[in-house]
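Subject: Structure handover

Hello,

Here is the structure I promised to pass on. Please open it beside this email and follow along.

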Amino acid sequence: MRIVVALGGSALLRPGEPMTIDNQRHNVRRAARGLAELAGRHQLVVTHGNGPQVGLLALQAQAYLPAEAYPLDVLDAQTEGMIGYLIEAELMNEMPAGASCATLLTRVEVDADDPAFLLPTKPIGPDYGLADMHRWKADKGWAFVESSPGRWRRVVASPLPRRILPIDVIGRLVDAGVVVICAGGGGIPTVRSAGGRLEGVEAVIDKDHASGLLATRLDADALLLLTDVAAVYQGWGGPAPTPLHRVTPEALGALAFEAATMGPKVAAACEFVTARGGVAGIGALEDAGRILEGLAGTLIRA
C-alpha cells in the first residue's frame, strides 16, 4: 500500500512537556519505531505538525527589530527542516541497512483571497496567562483564542491548501522506494500574483488538510492521522463520549467536532476517502498498524 501518515503534536511534544530538544527527540524516537514497521511493508510518506515549534520561533523572532523579524512562511520552512531532521534521523536508526529516507521542503499554494486571512483560527506557540495575553495583544497586535480555562494561545491565518507544488518530485521519490518526509506543518504557504509569481505569505496551513490533499494527489491507498487520543469520539467533552471504530464519511459528516482539534482531521479523512475510495484512520500514534487493520482507532471507509 501507499500510505500517508500525518504525525500530530504528540509525536514531538506531549501535553505539559517543556519544548526542549531532548523531549522532542525522545518522542520522535517513539514514533519512529512504528513508522519503520510500516515502511518495511508499504510505501510511506510522512507529514507532521509544527504548531508549538513555529509559535516559539515567532516569539523568538519578535526579539529582533520589527524590520528584521522573520515572517511566518520563513519560520514554517525552518520548522520543516528542524522537525524533518529529527524524524529522518530517528527513522533511519530504526530502518534496516540500505533503506532510504529524504526530507523535502514543500511549498504549498493557497488562494490569496481565502477568507481565512480575515479570521485567524490556527493556534501556534505556547499557552499564556491572561496578563501575558493582553500584553502581547497590545504590543504585537496578535489574535488569541482561549485554549483551556484561563489559558490563551496565539492564532494565525490558516488558508486551505490548493496545490502541493513539488508533488511530481515526491511521487518519483516514493516510486524509487524512498520514505519521504514532506509538507511538514502543512507546508510553506505561498500565493500566486496576477503575474504568476509565487511569494510566501503570513500563515500556517493546517497539516491535516495538507496531508489529505497530498494523499489524494499521490493516489495513496490510505491516510493515517495520528494524534494523542485513541479514536474519534462522539460526544467528546460530555458525560459519556463514545468511540467510533468503523464509520463512513457520511456518518462522520453529520457530527460536530472541535474546529481547532478533531474537526480538521475528520474533514481531511472524509475528503480523502470520498475522493479516492481508499481508507483513512484516526487514532493514537502507537496504534498505527492496528488502525489500518481496523483493530484500533477509527477507520473511515466508503
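Below is what I found, going from the whole chain to single residues.

Overall shape

One caution before the rest: this is a predicted model. The protein has nine helices and 17 strands. Its C-alpha atoms fill a box of roughly 50 × 45 × 40 Å along the principal axes. The radius of gyration is 19 Å, which agrees with the value near 19 Å for a compact globule of 302 residues. Of the 302 residues, 50% count as buried.

The contacts tell you how the chain is put together. Take those with a separation of 6 or more: 71% of them are between residues 24 or more positions apart. The accessible surface comes to about 13800 Å². Carbon and sulfur atoms account for 54% of that surface.

Charges and salt bridges

The protein carries 27 positive and 33 negative charges. The mean positions of the two sets are 1 Å apart. Side chains of opposite charge can pair when their charged atoms come close. How many salt bridges does the structure hold? There are 14. Three of the pairs are described here, each with its own setting.

Start with Glu109 and Arg192. Their closest N and O atoms are 3.3 Å apart, and the two form a salt bridge. This pair links distant parts of the chain. Glu109 sits in strand E4 (residues 107-110), while Arg192 sits in strand E10 (residues 188-192). In sequence they are 83 residues apart. Is Glu109 buried or exposed? Glu109 counts as buried, because its relative accessibility is 12%, under the 20% cut-off. Arg192 has 35% and so counts as partly exposed. The pair also belongs to a network of salt bridges, in which Glu109 and Arg192 are linked with Arg163.

Next, Arg135 and Asp132. This salt bridge spans 3.5 Å from N to O. Both residues are in helix H4 (residues 130-140). They are three residues apart there, so about one helical turn separates them. An α-helix has 3.6 residues a turn, so residues three or four places apart point the same way. Arg135 is partly exposed, at 39% relative accessibility. Asp132 is partly exposed too, at 34%.

The third pair is Arg197 and Glu199. Their side chains meet in a salt bridge of 2.4 Å, N to O. Arg197 is exposed, because its relative accessible area is 56%, over the 50% cut-off. Glu199 has 37% and counts as partly exposed.

Helix H2 and its cover

Now go to helix H2 (residues 51-61), which holds Gln53. Gln53 counts as buried, with a relative accessibility of 4%. What does Gln53 touch, beyond residues up to four places away in sequence? The answer is Leu12, Met19, Gln24, Thr79, Met82 and Ile83.

Gln53 has buried company in H2, including Val54, Gly55, Leu57 and Ala58. Gly51 and Ala61 are buried as well. Several elements help to cover the buried residues of H2. Among them are helix H1 (21-39) and helix H3 (72-94). Strand E5 (122-128) and strand E7 (151-156) also take part.

Two more residues to look at

Ala230 lies in the loop between strand E12 (222-227) and strand E13 (232-234). With a relative accessible area of 39%, Ala230 is partly exposed. Setting aside residues up to four places away, Ala230 touches Ile282, Gly283, Ala284 and Gly297. How far is the C-alpha atom of Ala230 from that of Pro52? They are separated by 21 Å, and the two residues are 178 apart along the chain.

Arg217 is in helix H6 (residues 207-217). Arg217 is partly exposed, with a relative accessible area of 49%. Leaving aside neighbours within four places, Arg217 is in contact with Arg162 and Ile167. Its C-alpha atom and that of Asp168 are separated by 9.4 Å. Along the chain, Arg217 and Asp168 are 49 residues apart.

Best wishes

Key
Residues are numbered from 1 along each chain as its sequence is written. This is a predicted model: local features need pLDDT of at least 70, side-chain atom pairs count only at pLDDT 80 or more; totals for chains, interfaces and linings use all residues. Side-chain values use heavy atoms; hydrogens and water are left out. Helices (H or I, at least four residues) and strands (E, at least two) are DSSP runs, numbered from the N terminus. The radius of gyration is taken over C-alpha atoms; the globule rule is 2.2 Å times the number of residues to the power 0.38. Buried means under 20% relative accessible area, exposed over 50%, partly exposed in between (1.4 Å probe, protein chains only). Contact means heavy atoms within 4.5 Å. Accessible areas come from the Shrake-Rupley method with a 1.4 Å probe; for residues, only the protein chains shown count as cover. Lys and Arg count as positive and Asp and Glu as negative; His and the chain ends are not counted. The place of a charge is taken as NZ of Lys, CZ of Arg, CG of Asp or CD of Glu. A salt bridge is a side-chain nitrogen of Lys or Arg within 4 Å of a carboxyl oxygen of Asp or Glu.
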